[in-house]
Amino acid sequence: MTDKSTQPRVLIFDTTLRDGEQSPGATMTHDEKLEIAASLDEMGVDIIEAGFPIASEGDFAAVSEIARQAKSAQICGLARANFKDIDRCWEAVKHAKRPRIHTFIGTSPLHRAIPNLTMDQMAERIHETVTHARNLCDNVQWSPMDATRTEHDYLCRTVEIAIKAGATTINIPDTVGYTAPRESADLIRMLLERVPGADNIIFATHCHNDLGMATANSLAAVEAGARQIECTINGLGERAGNTALEEVVMALKVRNDIMPYRTGVDTTKIMAISRRVATVSGFAVQFNKAIVGKNAFAHESGIHQDGMLKNRETFEVMRPEDVGLSGTSLPLGKHSGRAALRAKLKDLGYDMADNQLNDAFVRFKALADRKKEVFDDDLIALIHDSATAAAHDTLQVKRLRVVCGTDGPQEAELTLSIEGVDHSIDATGDGPVDAAFNAVKMLYPHKARLQLYQVQAVTEGTDAQATVSVRLEEDGNISTGQSADTDTIVASVRAYVNALNRLIVRREKAEMGYDTKGISYRDQS
Ligand code: KIV
Ligand code: ZN
């Protein structure tokens, strides 16, 4: 057996809360960010990029609080190449036991053209800003954005300046997902060979997935000498997303024979955090996604099932238990008690406080009354659903009845509590969902446009729960809502109302002067 403790350690830098949250519509609430950060910390992620502190008061508050609460992970904030961003970033991360400032500027010809800086002017800016960051914090990461499309000579020059100014980590971003594995490796090798001082810092790789090569590119960079991988849970991120944390970590674990590097991540926590991020971000995981997709460990064809029964290794390169899926999946039923529910939830990675368990138990009993067998996925949907519908929400669904069938128009009778007062209405529509959404709009008039409506069955069977995701847009603000129920129309209305509640919170923040729309990378200084 190989002795992993002697293998080089690759640091895992998770940017779900910063780069991941930049996916249009993936905005998370303050409490959700804190919860995800705590899970990342607990699973052994080395560095958490908690946000972009200057982007909004909300981002600043979340990064500051995550910094205060982190137990062992380094907490990092993003800052553009100007003193104001860097100072704001430091104000947020300084509460951490191990703070880090991450500052960046676009170095490729296309990106240099935006602030309209010459090569020399940009070099000077890098020197000044990295020096400034280093005077505040002894842990500074610098990124030449769009590094993979930057002239090699200029890339070497800027990396050298950043190292001399005190950067301790140099991140090489493939911002537009343009590179390929061999080129990704060559670039790191070239920097290690050519840049003075390169041996004394850590090179990181940060790959986007536009051509579907992000994970391969990250691993190739590691083989060439990079010692930090930047990634997100479920590969969340702008456009096609980022390198997925679960993919790189499991690839290094399963193919340790040819990629002998170790990470500090407890892989058994992967499934629970993947599901939670899917829920709070509103980005469902595709069924055939590597490691965390619903089908990743499913075997349907006769030949595969037969092979699995004889020896699971015939068709599996890793065990479901390795990523936190319980090997046995005995469903619970209406006679199952609180202790069985607690044990099952613990098995699924949810350690619940007593009051949370009480709430989950009431909801579980209600579900078990309607559904003969409650499977693991039902429980996960139920737990996440109870977490999204908070008691202090402005809008709450009280009662819904729909009439549907071949003879339209379909009708919905809805009672909605608005700021604690019940209001009821009847509405019609083109189908029951349309009728129910029309009822919401009549009771609570709003301008938000429905951008996405998605229904997914949680398990098999006609009594399966449906998870519904809704994305709304209003004046450039995007919010998502999710809900699960055995009644698809009820889940739809709850998801819609959940998204509206989030928009209301954003509106309130905007009225208080907070920037809720994020901030561009373009440097304003
Ligand atoms: O993709 C990218 O270039 C980034 C930088 C801010 C590091 O996310
Ligand atoms: Zn990025």
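Let me begin with a single contact: Thr415 stands opposite Ser424 in strand 11, where strands are DSSP runs of E of at least two residues and helices are runs of H or I of at least four, both numbered from the N terminus. What we are looking at is a predicted model, in which local features need pLDDT of at least 70 and side-chain atom pairs count only at pLDDT 80 or more, while totals for chains, interfaces and linings use all residues. Residues are numbered from 1 along each chain as its sequence is written, chains are lettered from A and ligands numbered from 1 in the order in which they are written, and side-chain values use heavy atoms, with hydrogens and water left out.

To stay with that region, strand 10, residues 410–418, is joined to strand 11 by nine bridges, and the two run antiparallel; two strands are taken to pair if DSSP finds at least two bridges between them. They belong to an open sheet of three strands in the order 9-10-11, with antiparallel pairing. Strand 9 (395–403) and strand 11 (421–429) stand at its edges and have a single partner strand each, so one side of each is left without a neighbour in the sheet. On average, neighbouring strands here are turned by 20° against each other, direction ignored, with axes being lines fitted to C-alpha atoms, for helices over the stretch in contact, and angles running from 0 to 180 degrees between N-to-C directions.

Further along the chain there is another open sheet of three strands, ordered 12-13-14 and paired in the antiparallel sense. Its edges are strand 12 (449–457) and strand 14 (477–485), and because each has a single partner strand, one side of each is left without a neighbour in the sheet. The twist from one strand to the next averages 15°. Strand 12 pairs with strand 13, residues 466–474, over eight antiparallel bridges, and within that pairing Val455 has Val468 of strand 13 as its bridge partner.

Now to the parallel strands. Strand 5 (residues 140–145) pairs with strand 6 in the parallel sense over two bridges, with Ile170 in strand 6 as the bridge partner of Trp142. Together with helix 6, residues 152–165, these two strands make a right-handed β-α-β unit, right-handed meaning that, with the strands pointing away from the viewer, the path from the first strand over the helix to the second runs clockwise. The chain then crosses from strand 6 through helix 7 (residues 181–194) to strand 7, again as a right-handed β-α-β crossover. Strand 6 and strand 7 (residues 202–207) run parallel and are joined by six bridges, and Thr169 has Ile202 of strand 7 as its bridge partner.

How many residues of strand 6 are buried? Six of the six, over residues 169–174, so strand 6 is largely enclosed by the rest of the structure; buried here means under 20% relative accessible area, exposed over 50%, and partly exposed in between, with a 1.4 Å probe and protein chains only. Thr169, Asn171 and Pro173 point one way from the strand, whereas Ile170, Ile172 and Asp174 point the other way.

Which residues are the protein donors of the zinc ion, ligand 2? They are Asp19 through OD, His206 through NE2 and His208 through NE2, lying 2.0 to 2.1 Å from the ion, where donors are N, O and S atoms within 2.8 Å of the metal (3.2 Å for Na, K and Ca), and sites may look incomplete because water is not among the atoms. Asp19, in the loop between strand 1 (11–14) and helix 1 (30–43), and His208, in the loop between strand 7 and helix 8 (214–224), are 189 residues apart, and the pair links distant parts of the chain. Asp19 counts as buried at 3% relative accessibility, and His208 is buried as well, with a relative accessible area of 6%.

Finally, the aromatic residues. Three aromatic pairs are counted, by the rule that rings of Phe, Tyr and Trp (its six-membered ring) pair if their centres lie within 6.5 Å, with planes under 30 degrees apart called stacked, over 60 edge-to-face and the rest tilted. One of them is the tilted pair of Phe361 and Phe364, at 6.1 Å centre to centre and 35° between the planes. Both of these residues are buried. Another tilted pair is Phe437 and Tyr496, at 4.4 Å centre to centre and 35° between the planes, and Phe437, Tyr453 and Tyr496 form one aromatic cluster.
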